[in-house]
Amino acid sequence: MKEIKIAFIGVDGTGKSTIANILKNKLDEKIEIQHMGANKSAETKFRKYIVQKKKDNVFFKILSGVSLYYDRWYRVIKNERKKGVIIYDRHPLYNPTDARKFKRILDKVIYSLMPMPHLIYYFYCDVNTSIQRKPSEFESEYSIIELKRKKKIFDYKYLKNKNIKKINTDQLGEQQIIQMITNDLKNNG
């Protein structure tokens, strides 16, 4: 199979990681999952160092931003020449939740220089479903309000986008989703 890059996007609790892991375990093809979280899965020494230090001065805040961009760039670029299927769990180009205009513009400029995925899937569901799937992440009222805010932004940006395939994980079961993605892989492979 040729190289195929897939981006799974959506808020927490929509099933991105679950479907990625099922695909990896079920398909015979070589599938790699690249998690793109900001802190827990930092891959470069630079980002790991910055995350560990977590100082609250201006210098470290600037370094933190630079290290995050560098780390995400590294994760995408390292997979560019690999054969098989790469699934990006949260592609950085598709994370439109920052309210600060300067940050959104900077994200768009920097991440638009990255290679684009071949297939993009937007996973969405009801907020209550997300909370039920990941109760430990949504224990506080603030985290629930933030989830609702992010879902509203993601829905607005991606439900009408014709270039992105939509997957309502409230309506479709895991097997239906796997079949849909498998068919897309065959058509693109």
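Modeller: Quick definition before we start: helices (H or I, at least four residues) and strands (E, at least two) are DSSP runs, numbered from the N terminus. Keep in mind that this is a predicted model.

Colleague: Fine. How many helices and strands are there in the protein?

Modeller: Read along the sequence, the pattern goes β-α-β-α-α-β-α-β-α-α-β-α. Counting up the elements gives seven helices and five strands.

Colleague: And how does the radius of gyration of the protein compare with the globule rule for 189 residues?

Modeller: Start with the box: along the principal axes, the C-alpha atoms fill roughly 50 × 40 × 30 Å. For 189 residues the globule rule gives 16 Å, and the protein comes close to that, so it is as compact as a globular protein of that length; its radius of gyration is 17 Å.

Colleague: Among contacts between residues at least 6 apart in sequence, what percentage join residues at least 24 apart?

Modeller: For background, buried residues make up 44% of the 189 residues. As for those contacts, the share that joins residues at least 24 apart in sequence is 77%.

Colleague: Before I trust any of it, where is confidence lowest in the protein?

Modeller: Overall the mean pLDDT is 85, with 94% of the residues at 70 or more. Where pLDDT is low, the predicted coordinates should not be read in detail. Confidence is highest in β5, at 96, while the lowest mean, 78, belongs to residues 101–112, helix α4.

Colleague: On to the strands. Which strands do bridges join to β1, and do they run parallel or antiparallel?

Modeller: One partner is linked to β1 by five bridges and runs parallel to it; that is β3. There, I4 stands opposite V85. On β4, I9 of β1 stands opposite Y122. That second pairing has four bridges and is also parallel, so to name both: β3 and β4, parallel.

Colleague: How many of the residues of β1 are buried?

Modeller: Take the strand one side at a time: I4, I6 and F8 are buried on one side. On the other side K5, A7 and I9 are buried too, which leaves both faces covered. The count for β1 is six of six.

Colleague: Now helix α6. What arc do the buried residues of α6 fall within?

Modeller: At 1.5 Å a residue, the 18 residues of α6 (141–158) should span 26 Å, and the end C-alpha atoms are indeed 26 Å apart. Its buried residues are S143, I144, E146, L147, K151, F154, D155 and Y158. Seen down the axis, they line one face of the helix, because they fall within an arc of 165°.

Colleague: Which exposed residues does the face of α6 turned away from its buried side carry?

Modeller: The buried residues of α6 are covered by elements including β1, β4, α5 and β5. Exposed here means over 50% relative accessible area. Turned away from the buried side of α6 are E141, Y142, K152 and Y156.

Colleague: Same for α7: what arc do its buried residues fall within?

Modeller: Helix α7 (174–188) has 15 residues and reaches 21 Å, close to the expected 21 Å. Its buried residues are I177, I178, I181, T182, D184 and L185. They line one face of the helix, because seen down the axis of α7 they fall within an arc of 160°.

Colleague: And which exposed residues sit on the face of α7 turned away from its buried side?

Modeller: What covers the buried residues of α7 includes β1, α1, β3, β4 and β5. The face turned away from that buried side carries K186 and N187.

Definitions and conventions
Residues numbered from 1 in each chain as written. Predicted model: local features only at pLDDT ≥ 70, side-chain atom pairs only at ≥ 80, totals over all residues. Heavy atoms only, no water. Expected span 1.5 Å × (residues − 1). Buried < 20%, exposed > 50% of the residue type's maximum accessible area, 1.4 Å probe, protein only. Arc of directions from axis to C-beta. Contact = heavy atoms within 4.5 Å. Pairing = 2+ DSSP bridges. pLDDT = per-residue confidence, 0-100. Rg over C-alpha atoms; globule rule 2.2 N^0.38 Å.
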